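Student: I should like to understand how the terms used for a protein structure are justified. May we take them one at a time?

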Amino acid sequence: MMTTGNLLLALIGTAVSLCLLRLLFRKTGPFHLLKGWWRSTQDWFYVYQVLKVPEFNDAVQENPLYRRVSVYLNSLPSLEESDFTNLFAGKKPNDILLHLDPNQTIDDVFLGARLSWTNDQRRDRRAFVLRIRRADKMSILRPYLQHIHAVSDEIDRKKRDLKLHINVDDGGSGRWRSVPFTHPSTLDTIAMEPDLKDKVKSDLESFLKAKQYYHRLGRVWKRSFLLYGPSGTGKSSFVAAMANFLGYDVYDIDLSKVKDDADLKLLLMDTTAKSVVVMEDLDRFLASKSTALSLSGILNFMDGILSSCCAEERIMVFTMNSKEHVDAAIMRPGRVDVHIHFPLCDFSAFKNLANSYLGVKDHKLFPQVEEIFQGGASLSPAEIGELMIANRNSPSRALKSVITALQTDGSAAKIGRRLSHDGLRKPGDESADSSGVFLKDSNAMKDLRKLYGLLRMKSTRKTPSFDEDSGQ
């Protein structure tokens, strides 16, 4: 049986062993000293080349590569493990940034090759000095510099402050006015089917990495989306989510303020790369028969010669309530690459909304809601979202308010179908409400709105479509 003295000796021995191991493996300990000595010994058998990246060139012009290297090096994991690192507060709350110390050296590994960087800072100049084996230079230097460009661009994209630009017609020199873009919508928060959302994310991620691919094909590095569906189905929120996902600015073109075709071209010329260019309610504008803009002008804006020169690294987005009566020339591949349908809510979208707005994944009232949806009733995501926000402190009350609204809409839909059977609805009738239900008697339509609210017919399309052109 172990005595108290033996137990005490064992504890002391364990503590001493741990201290020795800590001293042995610490960065200033024998293990790391031996590792450094072995690395220095290996260096005797290799020929190294030193490359310098100065902050300024001989003409005292800023060297863009210096900033890119700085961003890249400050993101390396080896910087966190170094003995000397500067800490700075970032722009965002709880954001801590790491920066190299003057004359500090850190290591990097790329494609199996070991490289080292030194932050050379002197009184009259600053530069980053790269030390690379001559045998590795020919095979990895160019890919390594391209890797630095890609990583720094990705970091800048995530950190940049986004802006929302709107076109103005005030006679001044500038065509755009901007405000900070702080829309909170993300692809994770929008109400969309998971499969469709994954396809959108994959498409956008592929676009970000496809610059060389587009150029190899001789095509402009841009992507065009058509978002169509009734009002309140989340098209504008989706545009904001795309911008936040990409880290792109947003240029929102108000077509009513565009003077003519030439003015629309100038607006495109004044946009910048890494931006989402939005043209909302295009179908309504075309239906208004505006004399300021021609169809030819809009088509040239979408894929004309100017677009090929000024739309590089941009996402073009066009929104419509319906694309059925829009000229087919606008829809052709090349002008629109991706079509996404935003329908009225079904039960699957309702569950996503309940989870986002109320934190409810399942509820005893869900079967009743599903039954009402199956009966043909439907509301827009915006309408359901507002009901949930107003009753967010009581999920049961919120769901009951949605059920009441759906039952009202379902009753209106039934009467609308009965009226159509009685001959009040005729194909081609030009009198129609905003929901697409055609009525011959305008007084009957007013009575229906008064009794049952806005009359809607359920969309014939149950799920969104994600139809890319076959050439992509």
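Student: Why is the pair of Asp 270 and Arg 175 called a salt bridge?

Tutor: In this predicted model, the closest N and O atoms of Asp 270 and Arg 175 are 3.8 Å apart. The cut-off is a side-chain nitrogen of Lys or Arg within 4 Å of a carboxyl oxygen of Asp or Glu, so the pair qualifies. Asp 270 lies in the loop between H9 and S11 and Arg 175 in the loop between S7 and S8, so the salt bridge ties together parts 95 residues apart in sequence.

Student: What makes Arg 175, Asp 263 and Asp 270 a network?

Tutor: Arg 175 also meets Asp 263 in a salt bridge, at 2.4 Å from N to O. Arg 175, Asp 263 and Asp 270 are thus linked through salt bridges. Because Asp 263 belongs to helix H9 while Arg 175 is in the loop between S7 and S8, this second pair joins parts 88 residues apart in sequence.

Student: Which of the terms buried, partly exposed and exposed applies to Asp 263, and why?

Tutor: Asp 263 has a relative accessible area of 10%, and buried means under 20%, so Asp 263 is buried. Arg 175, at 27%, counts as partly exposed, and Asp 270, at 39%, is also partly exposed.

Student: How do you know that Arg 332 and Asp 303 form a salt bridge?

Tutor: Their side chains meet at 2.4 Å, N to O, and the limit is 4 Å. Arg 332 lies in the loop between helix H13 and S13, and Asp 303 in helix H11, so the pair ties together parts 29 residues apart in sequence. The count for the structure comes to 12 salt bridges.

Student: Let us turn to the aromatic rings. Why is the pair of Tyr 213 and Tyr 214 called edge-to-face?

Tutor: A search of the whole structure finds 14 aromatic pairs. The ring centres of Tyr 213 and Tyr 214 are 6.3 Å apart, and pairing requires centres within 6.5 Å, so the rings count as a pair. Their planes stand at 85°, and over 60 degrees counts as edge-to-face, which means that this term applies. Tyr 213 is partly exposed at 41%, whereas Tyr 214 is buried at 7%.

Student: What makes the charged end of Arg 131 sit over the ring of Tyr 48?

Tutor: The charged end of Arg 131 is 3.9 Å from the centre of the Tyr 48 ring. The distance limit is 6 Å, and the charge must also lie within 35 degrees of the ring normal. Arg 131 is listed as sitting over the ring.

Student: Why is Leu 8 called exposed?

Tutor: Its relative accessibility is 51%, and exposed means over 50%, so Leu 8 counts as exposed. Leu 8 is in helix H1. Together with Leu 9, Ile 12 and Val 16, Leu 8 forms a nonpolar patch on the surface, with about 390 Å² of accessible area.

Student: What makes the phi of Glu 313 worth noting?

Tutor: Most residues other than glycine have a negative phi. Glu 313 has a positive phi of about 55° although it is not a glycine. Glu 313 is found in the loop between helix H12 and S12. Its relative accessible area is 13%, under the 20% limit, so Glu 313 is buried.

Terms used
Residues are numbered from 1 along each chain as its sequence is written. This is a predicted model: local features need pLDDT of at least 70, side-chain atom pairs count only at pLDDT 80 or more; totals for chains, interfaces and linings use all residues. Side-chain values use heavy atoms; hydrogens and water are left out. Rings of Phe, Tyr and Trp (its six-membered ring) pair if their centres lie within 6.5 Å; planes under 30 degrees apart count as stacked, over 60 as edge-to-face and the rest as tilted. Buried means under 20% relative accessible area, exposed over 50%, partly exposed in between (1.4 Å probe, protein chains only). Patches are made of residues with over 30% relative accessible area and no salt bridge: like charges are joined within 9 Å, nonpolar side chains (Val, Leu, Ile, Met, Phe, Trp, Tyr) within 5 Å. Accessible areas come from the Shrake-Rupley method with a 1.4 Å probe; for residues, only the protein chains shown count as cover. Helices (H or I, at least four residues) and strands (E, at least two) are DSSP runs, numbered from the N terminus.
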